[in-house]
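Here are a few short exercises to work through with the model open beside you. Try each task before reading its solution.

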Amino acid sequence: QAFARDGCRVFSSSRSIDEAAVASKPQGYGAVIPLRVDIKDSAQVERAAGSIIARYGRIDVLVNSTSVSTFGDFLKLTDEDWLSVLDTKLLGYMRTARAVIPQMIKQQSGTIINVSGRGGHQPSSAAHLPGSTANAGVDLLSKGLATYYGPNGVRVVSIAPGPIQSKRYDKIAAANADLDNAGVTKRSKAGEAQGTVDDIAAAALFLASPAARWITGIVLQVDGGGTVGL
């Protein structure tokens, strides 16, 4: 919605067309077009990117923002749990980037913004280790793509949010608390300060703008100071 309010034509994708349509009525001038795309399916991803390019001739910005609600005790999570998270987030981001980079090279411009998470470098959520591991991979993917395709005018960055007000964060906090109460861990961070989705949207909009033209290959922490250091 933030991009649409800024006048962009936005394609919002999800496995469910209803979820993709959530952002279809922003307050502003841009258009939001919902697409049903499962980013675990390479053919669907390639088809969606190809249809956009065929109709409009370019893709300027790709924002990857997805998650999988797989939380629990590390010793009880199955291989299938881990594979689902990695296939959806890390490999999903890889698939969408692979689908748009050739066009960005052709037009000698483009920005890819990968939303990862603070757990990728600071895994403080005991119940969310698969997601944190995927986030670490996403950040490395961003840096690698920025290095490889920067000479072609393609910028790639990660945004690493801290806790964000959402039903999903409530589930993570509850899962952490369950592990604490069961004596499995003692590192729950339930109740810590939370940002909003608007904080993340504003960061993405800035990174996609000409004001950030000299910024690439970074991981931007958007966590209210939850991560500090040199």
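A residue is called buried when its relative accessible area is under 20%, exposed when it is over 50%, and partly exposed in between. Keep in mind that this is a predicted model.

**Exercise 1. Classify Asp87 and find its salt-bridge partner.**

Step 1: Asp87 has a relative accessible area of 24%. That value lies between the two cut-offs, so Asp87 is partly exposed.
Step 2: The partner is Arg95, with the closest N and O atoms 2.5 Å apart. A salt bridge needs these atoms within 4 Å, so the pair qualifies.
Step 3: Arg95 has 10% relative accessibility, so it counts as buried.

**Exercise 2. How many salt bridges does the protein have, and is Arg58 in its pair with Asp60 buried or partly exposed?**

Step 1: The count comes to two salt bridges.
Step 2: In one of them, the side chains of Arg58 and Asp60 meet at 2.8 Å, N to O.
Step 3: Arg58 is partly exposed because its relative accessibility is 37%. Asp60, at 40%, is partly exposed as well.

**Exercise 3. Place Tyr149 in the fold and list what it touches.**

Step 1: The protein has eight helices and six strands; Tyr149 sits in helix 6, which covers residues 129-149.
Step 2: Leaving aside residues up to four places away in sequence, Tyr149 touches Ile101, Ile105 and Val154.
Step 3: Ile105 is 44 residues from Tyr149 in sequence, yet their C-alpha atoms are 7.8 Å apart.
Step 4: With 28% relative accessibility, Tyr149 counts as partly exposed.

Conventions. Residues numbered from 1 in each chain as written. Predicted model: local features only at pLDDT ≥ 70, side-chain atom pairs only at ≥ 80, totals over all residues. Heavy atoms only, no water. Helix = DSSP H or I, 4+ residues; strand = E, 2+ residues; numbered from the N terminus. Buried < 20%, exposed > 50% of the residue type's maximum accessible area, 1.4 Å probe, protein only. Contact = heavy atoms within 4.5 Å.
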